[in-house]
Amino acid sequence: MSAVSRLRQGWLALPPSARLYLVCQLALPIVAWTAGSQRFSWAMYSQFQPAPEVFVQRHPDGPFEKLDLVRVLGHLRGELDYSGIFVRQLCKQPGVHAVRLAPPQQSPADYRC
Amino acid sequence: MLIRLLVGAACLLAGLEMGALLDRALAPGTIALPLAGLPILPRAAVPWAIGAWIGCAIAFTVGWRRRLAGAGLLATMGYLLLMDARTYSNHLYLLCLLVLILVWADDETARTLLRVQLSIVYAYAAIGKVNVSFLSGAALLPYTRTVLPESWLRVEVLAPLALLTLLAEGFLAVGFWSERLRPLAWAVGLGLHLGAVALVQEGRMGVLIFGVAMVGLYASFGGAFGQRDGGAAGQRGVG
């Protein structure tokens, strides 16, 4: 039996809900990438290696406090690389007046919310 | 049985990781980054949430009220996965999917779904690495700089390492489906995940959890040697 026939047979043997699950699993990363590529085009992309330190200012004249991001690895590093997205997300939080990204060996950049 | 043991063990490790993470993420003064509009868990509720997670993970692993324990585990993990950008992680998302399959599907369907899931994970992981940033080795630099000697942190070393990673993942996406290549796929997969655990310092627990979960998926194809179509482990049922 050819590989295509086996694949077809295996597919038909699955219940409809399992087929739906697999279609979603195959489609979701593509949808996410498409969304990601749109982000890429309008975000200020910079290859921060490692990720920048992040500070927030809670009052116009207040100090910048360092933010504990807890998990900078993975998706948050990605968010930081697309810093525009990350700043926008932080600015949505109540009590955030400005955000400062301080990449290593570069001048920090301040973003007023 | 082996699949559930490994997935359950990965969930158990993820629960311990989440406990430590929430302790910092919900500390006073930190800023929440809501992901899906779910309310942020009060700090006082963390021991209860993690307790429920660990309890359900243990019951699920040993098979005690498996479906009920799995449903509880899925609810707890799913909530924390979507609660905050800082508690979301790709390996937790994968664990939610694996528990969902093991709770919801019958044995034969679950085995098929887990096998295809393995191919989906590795295929997309490989495709996602086809870019200059990864293939130049630059993406590996933050993870390897503390474990590799300074003289090795060069494009001549890191670029082949990156290419090897991509090729290994591409091979793993298809290798398990061939009886002839399956022993090699086991060896490559174990080597890849053990190597990643050894190399990565920041986020090592996450890499370990991902590795244990993926080996759970390998088990859906049966053993490495001479076991046909799921082998002895597969024939006993996945859950």
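**Exercise 1. Find the surroundings of A:H97 in this predicted model: which residues does A:H97 touch, leaving out residues up to four places away in sequence?**

Solution.
- Step 1: Start with the contacts. A:H97 touches A:Q57, A:R58, A:H59 and A:P60, and also A:R112 and A:C113, once residues up to four places away in sequence are set aside.
- Step 2: Place the residue. A:H97 belongs to the loop between α4 (83-91) and β3 (98-102) of chain A.
- Step 3: Look at the pairing of A:A98. In β3(A), A:A98 stands opposite A:Q57. A:A98 also stands opposite A:R112 in β4(A). Both A:Q57 and A:R112 are among the contacts of A:H97.
- Step 4: Add a distance. A:H97 and A:F64 are 33 residues apart along the chain, and their C-alpha atoms are separated by 9.9 Å.
- Step 5: Follow A:F64 to a charge. A:R100 lies over the face of A:F64, at 3.9 Å from the ring centre.

**Exercise 2. Work out the sheet of chain A: what is the order of the four strands?**

Solution.
- Step 1: List the elements. Chain A has four helices and four strands, which run α-α-β-β-α-α-β-β from the N terminus on.
- Step 2: Count the bridges for each pair. Strand β1 (residues 53-57) of chain A pairs with β2(A) in the antiparallel sense over three bridges; in this pair, A:V56 has A:E65 of β2(A) as its bridge partner. Five bridges join β1(A) and β3(A), again antiparallel. Between β3(A) and β4(A) there are four bridges, and these strands run antiparallel too.
- Step 3: Chain the pairs together. The result is an open sheet with the order β2-β1-β3-β4 (chain A) and antiparallel pairing.
- Step 4: Read off the edges. β2 (64-66) and β4 (109-112) of chain A each have a single partner strand, so one side of each has no neighbour in the sheet.
- Step 5: Note the twist, which averages 25° from one strand to the next.
- Step 6: Check how enclosed β3(A) is. Four of its five residues are buried, so β3(A) is largely enclosed by the rest of the structure.
- Step 7: Step back to the chain. Buried residues account for 35% of the 113 residues in chain A. Of the contacts in chain A between residues at least 6 apart in sequence, 50% join residues at least 24 apart.

**Exercise 3. Turn to the aromatic rings of chain B: which residues do ring pairs link into a cluster?**

Solution.
- Step 1: Get the overall count, which is seven aromatic pairs over all chains.
- Step 2: Classify B:F176 and B:Y218. Their ring centres are 4.5 Å apart and their planes stand at 35°, so this pair is tilted.
- Step 3: Locate the two partners. B:F176 lies in the loop between α8 (155-175) and α9 (182-199) of chain B, and B:Y218 in helix α10 (residues 204-218) of chain B, so the pair ties together parts 42 residues apart in sequence. Both B:F176 and B:Y218 are buried.
- Step 4: Do the same for B:W177 and B:F221. With 5.1 Å from centre to centre and 85° between the planes, this pair is edge-to-face. B:W177 lies in the loop between α8 and α9 of chain B and B:F221 in the loop between α10 and α11 (231-235) of chain B, so the pair ties together parts 44 residues apart in sequence.
- Step 5: Compare exposure. B:W177 has a relative accessible area of 39%, so it is partly exposed, whereas B:F221 has 1% and is therefore buried.
- Step 6: Add the charge. The charged end of B:R115 sits over the ring of B:F221, 5.0 Å from its centre.
- Step 7: Collect the cluster: B:Y122, B:F176, B:W177, B:W186, B:Y218 and B:F221.

**Exercise 4. Map the nonpolar cores: how many residues does the largest one have, and which have the most contacts inside it?**

Solution.
- Step 1: Recall the background: in soluble globular proteins, nonpolar side chains tend to be buried together.
- Step 2: Describe the largest core. It has 67 residues, and B:L22, B:W53, B:L73, B:M77 and B:Y218 have the most contacts inside it.
- Step 3: Find the main contributor. Helix α4 (residues 90-104) of chain B gives the most to this core, with ten residues.
- Step 4: Zoom in on B:L73. Leaving out residues up to four places away in sequence, B:L73 touches B:C11, B:W53, B:C56, B:A57, B:F60 and B:V99.
- Step 5: Look for another core. A second, separate core of twelve residues includes A:V54, A:V87, A:V99 and B:I31.

Key. Residues numbered from 1 in each chain as written. Chains lettered and ligands numbered in written order. Predicted model: local features only at pLDDT ≥ 70, side-chain atom pairs only at ≥ 80, totals over all residues. Heavy atoms only, no water. Pairing = 2+ DSSP bridges. Helix = DSSP H or I, 4+ residues; strand = E, 2+ residues; numbered from the N terminus. Axes fitted to C-alpha atoms, helices over the stretch in contact; angles between N-to-C directions. Phe/Tyr/Trp six-rings, centres within 6.5 Å; stacked < 30°, edge-to-face > 60°. Buried < 20%, exposed > 50% of the residue type's maximum accessible area, 1.4 Å probe, protein only. Lys NZ or Arg CZ within 6 Å of the ring centre and 35° of its normal. Contact = heavy atoms within 4.5 Å. Core = buried A, V, L, I, M, F, W, Y, C linked by side-chain atoms within 4.5 Å.
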